[in-house]
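Visitor: I should like to understand the terms applied to the internal spaces of this protein. Please show me the model, and then we may take them in turn.

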Amino acid sequence: MYTYLTIQKGERAGQSFLLDPKAKNHVGRDPDCTLVLADPLCSRVHSCLEVVDGRWRIRDQSRNGTFLSGQRIEDAELTEGCEIQVGSTGFSFHQSEQPPTIVEAQPQGDFTETIVKDVRVDGHDSTAQVLAMHRESEQVQDLYVLYDASVRLLSVADAREVVRLCLELMQKRTEASLAGFLWLTDEGQLKPKVVLAQAPLGEVHLSQSLTHLVTQERRAVWVARQPSGSTTESLQPFSDALCVPLVFRDRVLGAIHLYLQRGRFRQSHFDFAIALCNIAAAALARARQEESLQTSLARWKADSAGTDELLGRHAGIVELKAKIMRVAQASGCVLVRGESGVGKELVARAVHRASARADRPLLTANCAAFSENLLESALFGHKAGAFTGADRDHAGLFQQADLGTLFLDEIGELSLAAQAKLLRILEGHPFLPLGSTEEVRVDVRVIAATNKDLARLVREKLFREDLYYRLGVFELLVPPLRQREGDVELLVDHFLDHFRRQHGRPKVQLSPEARQRLLAHSWPGNVRQLRNVIDSAVVLAAGNEIQVSDLALSDAGGDELESLRIDYWERKLIAEALRRADGNVPEAAGLLGIGRATLYRKIEEYQITR
């Protein structure tokens with residue numbers, strides 16, 4: 001058992017002194033005292049601490065008095081954590097199975113920064129002999145733990161798992177009563193994300209002052225005891241706190257808070273927390289990058305138009321690009337409006353890519369592609385047994401996109417029940433996956449898109465008014481292609497170049513007549529229609545020049561007529577590909593840029609003779 005005093009006030013605040021249970025431990029100005037204080041208000045031998053009948057007691061031997069917990073005493077029993085005042089110097093009394101953390105605190109505003117100092121043991125300068133073996137054992141143990149943590153953390157691809165594993169290791173090693181992780185918001189503020197507690201603690205708050213300090217100065221902070229008159233918020237009910245930033249390549253990714261309800265952390269705890277957070281920062285950055293990469297790969301399609309940017313020189317597109325850059329830096333919801341085929345999803349990707357969430361997931365859900373029940377499951381997840389066919393737990397898109405962006409296409413198709421759930425999430429409330437009793441809280445930026453008049457749907461009671469205003473914090477209007485004078489030719493050349501490479505026909509060109517026909521078309525289907533027309537023309541052209549007859553153009557404005565027209569040209573494309581491949585389905589699928597199974601299904605659907 002180690003018994004020691006820790007100075008809480010005065011020039012030597014933070015330094016600890018071991019007490020000898022077999023001797024009288026004198027405190028005063030006399031050089032022969034066990035604890036020598038250069039304090040003009042202190043007597044030469046001010047007080048004495050010793051064990052009497054198995055209990056530690058303190059006895060006053062001064063004229064100015066000795067104070068225990070604010071009361072002047074002559075002789076009193078000492079208990080764990082009690083406060084002693086000798087002259088102008090304040091102490092705290094401790095008994096512990098572990099040796100004290102040997103520190104001297106250097107004032108840093110309202111906080112302390114720790115550095116190793118010596119300590120007196122049995123009246124002699126013999127710290128090394130007493131603590132060397134203990135410290136060496138701890139250091140060896142910490143090295144093994146850190147090595148194991150490195151292997152485990154750097155092999156985890158899920159950012160949330162990195163945080164959870166880091167907190168569990170930290171809490172176990174330091175025996176912290178509370179361990180919390182704070183993530184960086186779009187506004188550059190650190191907010192609580194994950195909190196682990198050894199026991200129910202009621203409502204607790206992670207110190208904003210500590211958070212601000214580590215964010216600004218990018219260094220770890222140890223608050224052993226808040227100074228008298230501190231302007232920071234109280235850390236009650238905690239007696240000790242560590243706060244360590246997660247910094248990777250000069251960027252703060254988050255911060256770890258560790259709190260103790262009783263006692264104090266040790267220097268080894270502080271050193272371990274810093275080392276593990278350095279490893280965790282690299283693992284977290286890599287996991288986020290991998291998540292973003294996997295999301296991008298999953299979304300990439302073989303028939304992609306091959307562009308990650310909005311192409312166009314028209315004033316409407318130039319203005320849209322400028323708005324995207326401004327909106328991306330904010331954190332509110334975004335509503336993208338425009339006709340079908342104008343490129344609303346491309347706008348959503350541009351907003352995400354220019355935002356602070358660019359290294360985090362961007363997921364997409366087409367609200368019109370699901371039935372009502374399936375849409376709720378896809379967005380919010382479900383537990384096994386929640387409905388027929390739900391044989392396992394499923395994390396919804398909101399959970400998968402946590403800390404990232406979720407693009408909700410055709411938001412006007414969302415049911416009123418799903419709208420209510422979505423509104424709660426956007427207001428910062430947790431939600432319940434289908435069949436679950438455990439709430440889920442996420443931080444997701446929502447970008448919604450629609451080609452419908454949401455204001456009209458609100459008037460018809462088909463869309464919630466409060467959700468409409470919540471989604472429309474920032475609104476981006478994408479102009480139709482027919483209004484973008486000069487952009488059609490730019491897009492024609494872009495798509496032509498892309499599909500020549502994709503279909504292996506590098507010499508194919510547009511005839512002057514075909515080009516003129518494309519430039520004169522009204523494009524009711526917008527950019528998507530233009531892209532499909534060029535795609536089919538590159539495949540259908542009999543020679544190296546695309547003729548007007550190879551262009552699948554239609555001026556029909558109705559959705560039904562346009563759908564019939566697409567089916568007609570799709571059937572024609574497949575027949576032409578099969579003719580060129582001499583009926584070989586795998587070869588024809590390669591020409592079309594689709595899978596064999598898809599082509600077999602289309603052949604049967606259209607009853608095409610091979």
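**Cavities and their linings**

Guide: β2 (16-18) and β3 (25-28) each supply at least two residues of the lining of the second largest cavity. The model is predicted, so that local features need pLDDT of at least 70 and side-chain atom pairs pLDDT 80 or more, while totals for chains, interfaces and linings use all residues. Residues are numbered from 1 along each chain as its sequence is written, and side-chain values use heavy atoms, without hydrogens and water.

Visitor: What makes β2 and β3 strands?

Guide: Strands are DSSP runs of E with at least two residues, numbered from the N terminus; β2 spans 16-18 and β3 spans 25-28, and they are therefore counted as strands. β3 gives the most to this lining, with 3 residues.

Visitor: Why is Phe-17 called a lining residue of the second largest cavity?

Guide: A cavity is a set of points, on a 1 Å grid over the protein atoms alone, where a 1.4 Å probe fits but cannot get out, and a lining residue has an atom within 4 Å of a point. Phe-17 is listed in that lining, among others with Leu-5, Asn-25 and His-26, so Phe-17 has such an atom.

Visitor: How do you know that the lining of the largest cavity has 6 charged residues?

Guide: Asp, Glu, Lys and Arg count as charged. The lining includes Asp-158, Arg-160, Arg-288, Glu-291, Arg-360 and Asp-402, which are therefore charged by that rule. The second largest cavity, in contrast, has no charged residues in its lining.

Key: 1 Å grid on protein atoms, 1.4 Å probe; cavity = no way out; pocket = protein on both sides within 12 Å on 5 of 7 lines; lining within 4 Å. Helix = DSSP H or I, 4+ residues; strand = E, 2+ residues; numbered from the N terminus.
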